[in-house]
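I am opening my notebook to record what I looked up in this structure, entry by entry. I begin with a single side chain and work outwards.

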Amino acid sequence: LSELVSLRSLTQSASFALCSCERLTSSSSTVQALMGKDRRKDKAEEAESLGKQQDKYGKKGDGKLTSGGPQMKSFSHQECRHILVQKQSEAKRISEEVHNGLISFNEAAFKYSEDKAGAYGLLGWKSVNELDPDFWKAALECKEGDWLREPVKTQWGWHLIMVQGRKTLKKK
């Protein structure tokens, strides 16, 4: 008999809790009054509009927009080749020749580059301080072992850029 009484009181408690939950969920203003507004969704929308990215631990970034590409590893030097000409139209014509396979990038550098260094377009390993800022920035956009199809303007003229390698050199 005592088991029946305790079972009955347990059933009544469960039905009371269920009714209370139904009343609370049916009245969102009551829930907000008791618990406050859930601002997680608002913060997530704000972060997304600011371009913040989540890392693999779910933490937000610094709010700066990323370029969309994969994050590059840090490096201090790039090995580059380039073709230097004075006119953009000439640079675009050479780019088309190389892109269409009529001539290789190295052959075009040997044949067309006006670089005074005499290395036929090979710049070697250069740090950021040794290259024109526009040249360095454009070279960062290029994948290692590939070349940029669009010519880049610097103080010396128009360049077609090929990045052959990247590495970090330690200071001596």
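Which residues is Phe105 in contact with, leaving aside its neighbours within four places in sequence? I took contact to mean heavy atoms within 4.5 Å, and I found Arg81, His82, Ile83, Val98, Trp147, Leu160, Ile161 and Met162.

Before going on, I noted that this is a predicted model, in which local features need pLDDT of at least 70, side-chain atom pairs count only at pLDDT 80 or more, and totals for chains, interfaces and linings use all residues. Residues are numbered from 1 along each chain as its sequence is written, and side-chain values use heavy atoms, with hydrogens and water left out.

Next I looked up the largest nonpolar core, a core being a set of buried Ala, Val, Leu, Ile, Met, Phe, Trp, Tyr and Cys residues joined through side-chain atoms within 4.5 Å; buried means under 20% relative accessible area, exposed over 50%, and partly exposed in between, with a 1.4 Å probe and protein chains only. This core has 14 residues, and those that touch the most other members are Ile83, Val85, Ile94, Val98, Phe105, Ala108 and Tyr112. At least two residues each come from β1 (77-85), α4 (88-99), α5 (105-112) and β4 (157-167), where helices (H or I, at least four residues) and strands (E, at least two) are DSSP runs numbered from the N terminus. The largest share, 4 residues, is supplied by α5.

Then I turned to α4, whose buried residues are Ala91, Ile94, Ser95, Glu97 and Val98. Seen down the helix axis, they fall within an arc of 160° (taken from the directions from the axis to the C-beta atoms), so they line one face of α4. I found that β1, α5 and β4 are among the elements covering them.

For β1, I noted that 8 of its 9 residues are buried. Two strands pair if DSSP finds at least two bridges between them; β1 pairs in the antiparallel sense with β2 (residues 122-127) over 5 bridges, and with β4, also in the antiparallel sense, over 9 bridges. In β4, His159 stands opposite Leu84.

Is His82, found in strand β1, buried or exposed? His82 counts as buried because its relative accessibility is 4%. Its side chain makes a polar contact with the side chain of His159 at 2.9 Å, a polar contact being a pair of N or O atoms within 3.5 Å, where within protein one must be able to donate a hydrogen and the other to accept it, and residues adjacent in sequence count only if both atoms are side-chain atoms.
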